[in-house]
Each structure stands twice: as structure tokens, then as C-alpha cells.
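Here is a short tour for someone meeting this protein for the first time. Have a look at the sequence and the model, then read on.

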Amino acid sequence: MGIESAEVNTDEITLVYDLLQVSMDDIENVINQAQGHLKQTMTDKLRKGLIQYSEECELDNLAHLSKDSGCH
């Protein structure tokens with residue numbers, strides 16, 4: 001639920017998902033339960049951190065939207 005598309009290659013998974021329904025942590029937890037822990041290099045860890053930060057910023061921005069707020 002929340003995953004719009006998935007592409008799986010031998011060393012990479014590409015997902016498009018609805019952040020209001022599922023987060024990268026949720027997806028990673030399901031993969032780890034099914035397949036065991038994923039191999040993570042330092043680059044993978046940095047990429048994951050950037051994605052998590054982006055998710056937090058996007059959710060924070062969405063939380064501030066309302067019908068009464070206008071664009072400047």
C-alpha cells in the first residue's frame with residue numbers, strides 16, 4: 001500500500017511511493033523481514049540519510065498547508 005511502482009535489478013531497487021501512506025523506513029523494514037538485512041556501503045548510508053531528511057522536510061512542508069494560506 002502506498003507503493004506506486006517498483007523496479008528491481010540485481011543490485012538496486014527503484015521505488016515510487018506515496019509518502020503520506022508509507023516511508024522509506026517502512027519499505028526497508030518489510031524488505032529486511034523478507035530477505036534479511038541489505039548490504040550498505042557508506043554511500044548507501046549517506047543516500048539513505050538524505051532520503052530520510054527529504055521525507056521529513058516534505059512532510060513538514062505538507063503539515064503547514066491549509067486552505068487559508070496563500071502563495072507569496
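Let's start in a loop. Ser-23 sits in the stretch between β2 (13-17) and α1 (24-35). This model is a predicted one, so everything below describes a prediction. Is Ser-23 buried or exposed? With a relative accessible area of 17%, Ser-23 is buried, because the cut-off for that label is under 20%. Setting aside residues up to four places away in sequence, Ser-23 touches Tyr-17 and Glu-55.

Val-22 belongs to that loop between β2 and α1 as well. Val-22 has a relative accessibility of 9%, so it counts as buried. Which residues does Val-22 contact, leaving aside its neighbours within four places in sequence? They are Met-1, Gly-2, Tyr-17 and Ile-27. Take Met-1: it is 21 residues from Val-22 in sequence, yet their C-alpha atoms are 7.4 Å apart in space.

Now step back to the strand before the loop. Leu-15 is part of β2. Its relative accessible area is 25%, so Leu-15 is called partly exposed. Once neighbours within four places in sequence are left out, Leu-15 contacts Ile-3, Ser-5, Ala-6 and Ile-27. Ser-5 is 10 residues from Leu-15 along the chain, and 5.7 Å separates their C-alpha atoms. Ile-27 turns up in the contact list of Leu-15 and also in that of Val-22.

On to the helices. Glu-28 is a residue of helix α1. Glu-28 is buried, because its relative accessible area is 13% and buried means under 20%. Apart from neighbours within four places in sequence, Glu-28 is in contact with Gln-40 and Lys-48.

Here are the four residues side by side, with their relative accessible areas.

| Residue | Relative accessible area | Label |
|---|---|---|
| Val-22 | 9% | buried |
| Glu-28 | 13% | buried |
| Ser-23 | 17% | buried |
| Leu-15 | 25% | partly exposed |

How do the two helices meet? Helix α1 packs against helix α2 (residues 42-63) at an angle of about 135°, and their axes are 10 Å apart. That angle lies between 115 and 145 degrees, so α1 and α2 are oblique to each other. On the α1 side, the contact is made by Met-24, Asp-25 and Glu-28. The α2 side brings Lys-48, Ile-51, Gln-52 and Glu-55. Sorted by class, the contact of α1 with α2 has two nonpolar residues, one polar residue and four charged ones. Some of these names are familiar: Lys-48 is a contact of Glu-28, and Glu-55 is touched by Ser-23.

What about the protein as a whole? The secondary structure adds up to two helices and two strands, and from the N terminus on the order is β-β-α-α. Of the 72 residues in the protein, 12% are buried. Looking at contacts between residues at least 6 apart in sequence, 31% join residues at least 24 apart. The accessible surface comes to about 6,300 Å², and 54% of it belongs to carbon and sulfur atoms.

Finally, a word on confidence. The average pLDDT of the protein is 83, and 89% of the residues score at least 70. Which elements have the lowest and the highest mean pLDDT? Helix α1 has the lowest, at 82, while α2 has the highest, at 89. Where pLDDT is low, the predicted coordinates should not be read in detail.

How values were computed: Residues numbered from 1 in each chain as written. Predicted model: local features only at pLDDT ≥ 70, side-chain atom pairs only at ≥ 80, totals over all residues. Heavy atoms only, no water. Helix = DSSP H or I, 4+ residues; strand = E, 2+ residues; numbered from the N terminus. Buried < 20%, exposed > 50% of the residue type's maximum accessible area, 1.4 Å probe, protein only. Contact = heavy atoms within 4.5 Å. Axes fitted to C-alpha atoms, helices over the stretch in contact; angles between N-to-C directions. Parallel < 35°, antiparallel > 145°, perpendicular 65-115°, else oblique. Nonpolar A, V, L, I, M, F, W, Y, C, P; charged D, E, K, R; others polar. Areas by Shrake-Rupley, 256 points an atom, 1.4 Å probe, with all protein chains shown as cover. pLDDT = per-residue confidence, 0-100.
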